[in-house]
Amino acid sequence: MFNRRLVSLIVVAASLFLVAIDAKGIDPYKVLGVEKNASQREIQKAFHKLSLKYHPDKNKAKGAQAKFAEINNAYEILSDEEKRKNYDMYGDEKGDPGFQAGSPGEHGGYTFFTNGGPGQNQFSYRPNDWQSMGGQGGSQSFSFSFGGPSGGGSPFGFGMNDMFSNIFGDNSGAGGQFGGFTGSSRDRPGSRSTPKSIRALNSQVYKKEIVDQGMTWLLFSYTTSLKGQQHVESMIEDVASSLNGAIEVGSVNCDTEASLCKDLGIYPRRMPRVFVYSYKASEKGLLVEYDGDWGAKPLKSFCQDHLPRFSKRVDLNFLKSSSVTVDKFPTVVLLSTKKDTPVIWRVLSGLYHNCVIFYDVQVQDASDPTVKKLGVDALPAIVGVLSNGEKHVLKTGVTVKDLKSAIHDLSGLIESFEKKNKKAASDQSKKPSSDSGDDQIPLLKKSNFDAICGDKIPVCIIGAFRSSKERKKLESVLNAVSQKSLSRRDSISYTLLDATKQGSFLNAFDNGGFKSLDKVLVAYKPRKGRFAAFEGEVTTEEAENFITAILNGDIRFTKTRQSPLLK
């Protein structure tokens, strides 16, 4: 059995020898197809594209495995600034001007790196003496090294179990690695650190900056003994770059953060694991593991699908109704032509979901009458509504340079509006209140008629009551509605009327003076001598809807029977 394995070992060694010969003169820039002055971003993209194309698990073509190893070798050099600098200067990543990678060295041999650089996965070839590989005495040798110091119990510089594990796929965990073969092979522990663009996370950071903070995070868990970390990092960096500003990225080293990995259930198995901290299912975030294809494009789609969904999609009628007003938080509404909620708006809805209410509306164009009434002249547009009901056009014709800058600029806009809302609420609370509601909603009398319902007033809202109980209800409703500021303060007035004493006044609107009703709301336009009445149950919501419909021109007004006169 051992003889068979030894034969297999020699076959593999011979194959590596041939690869060594082919590797002479390999230029990492040409391997990745990038220019000498390529940025790290361009190098990462090239590596990611080629590694996906030639990965042995996906590409079974002849030569794909060797090509994959070549790609990894090139990226290992060019992704490390020090190695790249040395290569550019000396043609060798070690920085030895007298030792050219893939060229005869001072010892008459060749050295090539298949994944880990010097001292890791490498093999050396000395021409003319390869027959004496592993020989004794003063003869030169042809040696291989896989992820550890040579001479450890084998004349080939690696353990027999490592090589057989790589050949037969043994899962004992003691495998070696060549050219990215899958199985139990492992990178050398500590051989590669996480890129600076991917933040290393610990328990404190996770709890304070990730949990329920409204931002989507893309993260992966790993241990230094696992293979595939480099590929996952490259993929995550691609996604992070394309969604810059919309997501944050991080990594968890389960060797040093074992308790966090255990608590979260993210401890990796044979490969690093990728997760998204998602807000798709609820307002509370949770980790969702990615199990799709290993590529930047599908991972990006997965991340976008799990962005916050705190903005509620409504139609244009929503802007006509009073339900847009809220009691505590300000509201922001995005008007755009997009069929679905834009990514930018979803991100913002997550960042500010604890202090701002978000809505979005699909609009065909800015010529829509409802849009025009809001004062919007170009799309996309953002309309804000303070908690007291005041509407403000925050921005029209929104332009986007890129995702990150757009989120930054609109964040400033929303934060400014939130401060405006707090100030408005503070100013309102400082206004002196009266024990009697008469100072806020006055009782209509002959002495104040011209000031409240005279010809200079566009619309006068009259709450007529027939009992003290109904008066208190109407007073409370009208007081609440008047604070909403559904329109300009000078366009509408509110007043109460004692129907038991002013029956003749109500006869100008109704032949019976609304005698069958305990209370009624009358909207009166003094200049035009026309009115409209609401005879249903008068609640704050119904009163708001009635008044909003009047201001939007959705209520039909009737000519009065005569000019209303007070006794």
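## Helix 8 and its neighbours

The buried residues of helix 8 pack against quite a list of elements: helix 3 (40-54), helix 4, strand 5, strand 6, strand 7 and helix 10. Keep in mind that this is a predicted model. Helix 8 itself covers residues 229-242, and 12 of its 14 residues are buried, so the helix is largely enclosed by the rest of the structure. Those buried positions are Q229, Q230, H231, V232, E233, S234, M235, I236, E237, D238, V239 and A240.

How does the length of helix 8 check out at 1.5 Å a residue? Its 14 residues should span 20 Å, and the end C-alpha atoms are 20 Å apart, so the two values agree.

## Where helix 8 meets helix 10

Two packed helices are described by the angle between their axes and the distance between the axes. For helix 8 and helix 10, the axes come within 9 Å and cross at roughly 55 degrees. That makes helix 8 oblique to helix 10, and the crossing is right-handed. Helix 8 brings M235, I236, D238, V239 and S242 to the contact, while helix 10 supplies A296, L299, K300 and C303. Of the helix 8 residues in that contact, M235, I236, D238 and V239 are also on the buried list.

## The five-stranded sheet

Now for the sheet. Strands of a sheet pair through backbone hydrogen bonds, either parallel or antiparallel. Here there are five strands in an open sheet, ordered 4-6-5-7-8, and the pairing is mixed. Which strands stand at the edges? Strand 4 (199-200) and strand 8 (286-289) do; each has a single partner strand, so one side of each is left without a neighbour in the sheet. Helix 10 (residues 296-305) packs on this sheet, where it touches strand 5, strand 7 (273-278) and strand 8. The direction of helix 10 makes about 25 degrees with that of strand 7.

On the other side of the strand order, strand 4 is joined to strand 6 by two bridges, and the two run parallel. R199 has G250 as its bridge partner in strand 6.

## Strands 5 and 6

Strand 5 (residues 216-222) and strand 6 (residues 247-253) also run parallel, joined by seven bridges. Among the pairings, T216 stands opposite I247, and F220 has S251 as its bridge partner.

Both strands are mostly covered. In strand 5, seven of the seven residues are buried, and in strand 6 the tally is six of seven. What happens to the side chains on the two faces of strand 5? T216, L218, F220 and Y222 point one way, W217, L219 and S221 point the other way, and all of them are buried.

## Helices 3 and 4

Helix 4 (residues 64-78) gets the same ruler treatment: at 1.5 Å a residue, its 15 residues should span 21 Å, and its end C-alpha atoms are 21 Å apart, which agrees. Is helix 4 enclosed or open? With 11 of its 15 residues buried, helix 4 is largely enclosed by the rest of the structure. The buried set is A64, F68, A69, I71, N72, N73, A74, Y75, E76, I77 and L78.

Helix 3 packs on helix 4 at an angle of about 165 degrees, with the axes 9 Å apart. The two helices are therefore roughly antiparallel to each other, and their crossing is left-handed. On the helix 3 side the contact uses Q40, I43, Q44, F47, L50, S51 and Y54; on the helix 4 side it uses A64, K67, F68, I71, N72, Y75 and L78. From that helix 4 group, A64, F68, I71, N72, Y75 and L78 are buried as well.

## The chain as a whole

Zooming out, the protein chain comes to 18 helices and 18 strands. Buried residues make up 47% of its 567 residues. As for contacts between residues at least 6 apart in sequence, 67% of them join residues at least 24 apart.

Key
Residues are numbered from 1 along each chain as its sequence is written. This is a predicted model: local features need pLDDT of at least 70, side-chain atom pairs count only at pLDDT 80 or more; totals for chains, interfaces and linings use all residues. Side-chain values use heavy atoms; hydrogens and water are left out. Two strands pair if DSSP finds at least two bridges between them. Helices (H or I, at least four residues) and strands (E, at least two) are DSSP runs, numbered from the N terminus. Contact means heavy atoms within 4.5 Å. Axes are lines fitted to C-alpha atoms, for helices over the stretch in contact, and angles run from 0 to 180 degrees between N-to-C directions. The expected span of a helix is 1.5 Å times one less than its number of residues. Buried means under 20% relative accessible area, exposed over 50%, partly exposed in between (1.4 Å probe, protein chains only). Angles under 35 degrees count as roughly parallel, over 145 as roughly antiparallel, 65 to 115 as roughly perpendicular and the rest as oblique. A crossing is left-handed if the near helix is turned anticlockwise from the far one by less than a right angle, and right-handed if clockwise.
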